[in-house]
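Welcome! Below you will find a sequence and its 3D model. Take a moment to look around before reading on.

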Amino acid sequence: MDLHKLRGFYSVVRHGGFTSAARRLHLTQPSVSLQVKLLERELGTQLLDRQSRRVVLTREGEVLFELAQRLFETEEEIDARFQGKNPLAVARLVIATNQSVAAHLLPPRLSIFTGRYPGAEITILNMRTAEIVDGVAEGSIDLGAVLIDPRHPNLTSQPVLPYEMVLVTPRGHPLSRRRRIALSDIARYPFISYTRDTETRQLIDRPFRNEKLKISIKMALGSTDLIIKYVSLGYGLAIIHNLNIDEVNRENLHIRPLKRYFTRQYVHLIFRRGENLSAATRAFMELF
């Protein structure tokens, strides 16, 4: 059997599609598709159900994938042991997350990871949550870090870091002197929020909607760092997650927890359900 054809089939299944497999193998999509067709012809059986839009294995395909998985994992172990290679030294890892996690949570972890595995190639994608979920489910992204539990049937979601929703106002704002703040108090002032189609905006709007309160949105932004900047300049107040708050912006803001209205949230690491995670992915996850 030609192992190149078997590797093409294995990559299509492992990474969730022909496009993702072609990217990983540095081939064109038609080339990978041809590899699978030739392998099916050689074995005299159909391996993939082509009536489905997703990669669906036939019964024979499931058996072959399990055997191929053992083969290629053993191949990696042999290379590592007898050629003195560290599998992580030449590893490739694709991580997708939003701007807040990429700017404030990843840097210290990437510093540790790259210090241990300087030869690893890491791609970090700044994407919307829905795009991250789709990319992980399709196999083009190894690991996603999102601010919600996507509750996707094909993904495993692992909560790793807690965060809270807080009210931020400029120093000297009337609400900064109040001992107790209600949603009705917040609704009286100009408000800066996230763009309407984001999950965080929906989270913020929910308690106001439940109390039939209308907030006066003066500005909608797609970045928590930008919201913090414009609040500090006096354009309005805002409710944000506290992942982006550091000692610098604490000097310009008054920060108030809102535990009465928002439960504790978690950053979630997501990966494909049933996926045999690479050594690089496992090593990076251990840093959270």
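What follows is a short tour of the helices, the sheets and one pocket. Please keep in mind that this is a predicted model.

**Starting at helix 1**

Helix 1 covers residues 3-14, and a simple check can be made on its length. At 1.5 Å a residue, its twelve residues should span 16 Å, and the end C-alpha atoms are indeed 16 Å apart, so the two values agree. Is this helix mostly covered or mostly open? It is mostly covered, with nine of the twelve residues buried. Among them are Leu6, Phe9, Tyr10, Val12 and Val13, but also Lys5 and Arg14. After the helix comes Gly16, which has a positive phi near 80 degrees.

**Helices 2 and 3**

Helix 2 spans residues 18-25. Its buried residues are Ser20, Ala21 and Ala22, and the buried residues of this helix pack against helix 1, helix 3 and helix 6. Helix 2 is followed by His26, another residue with a positive phi, here near 60 degrees.

Helix 3 (residues 29-43) contains Gln35. Why does Gln35 count as buried? Its relative accessible area is 15%, and buried means under 20%. Beyond its neighbours within four places in sequence, Gln35 is in contact with His4, Lys5, Gly8 and Leu27. Of these contacts, Lys5 and Gly8 are themselves among the buried residues of helix 1.

**Two open sheets**

Strands of a sheet pair through backbone hydrogen bonds, either parallel or antiparallel. One open sheet here has five strands in the order 2-1-3-10-4, with mixed pairing. Its edge strands are strand 2 and strand 4, each pairing on one side only. On average, neighbouring strands of this sheet are turned by 20 degrees against each other, direction ignored. Strand 1 and strand 2 run parallel and are paired over six bridges; Thr97 has Asn126 in strand 2 as its bridge partner.

The other open sheet has three strands in the order 8-5-9, and its pairing is antiparallel. Strand 8 and strand 9 form the edges, each pairing on one side only. In this sheet, the average turn between neighbouring strands is 35 degrees, direction ignored. Four bridges join strand 5 to strand 8, and Met165 stands opposite His241 in strand 8.

Each sheet has a helix lying across it, as the table shows.

| Helix | Strands it lies across | Angle |
|---|---|---|
| Helix 5 (residues 99-116) | strands 1, 2, 3, 4 and 10 | about 170 degrees to strand 2 |
| Helix 9 (residues 224-232) | strands 5, 8 and 9 | about 145 degrees to strand 8 |

**A pocket to explore**

Rolling a probe the size of a water molecule over the atoms shows where empty space is left. The second largest pocket has a volume of about 650 Å³. Which residues are closest to its centre? Of the 25 residues in its lining, these are Val13, Gly16, Val55, Ala137 and Arg272. Two of these names have already come up: Val13 is buried in helix 1, and Gly16 follows that helix.

Helix 1, helix 2, helix 4 (59-82) and helix 6 (129-138) each supply at least two residues of the pocket lining. Which of the helices gives the largest share of the lining? That is helix 2, with three residues.

Key:
Residues numbered from 1 in each chain as written. Predicted model: local features only at pLDDT ≥ 70, side-chain atom pairs only at ≥ 80, totals over all residues. Heavy atoms only, no water. Expected span 1.5 Å × (residues − 1). Buried < 20%, exposed > 50% of the residue type's maximum accessible area, 1.4 Å probe, protein only. Pairing = 2+ DSSP bridges. Axes fitted to C-alpha atoms, helices over the stretch in contact; angles between N-to-C directions. Contact = heavy atoms within 4.5 Å. 1 Å grid on protein atoms, 1.4 Å probe; cavity = no way out; pocket = protein on both sides within 12 Å on 5 of 7 lines; lining within 4 Å. Points joined across faces, edges and corners; volume = space filled by probe spheres on them.
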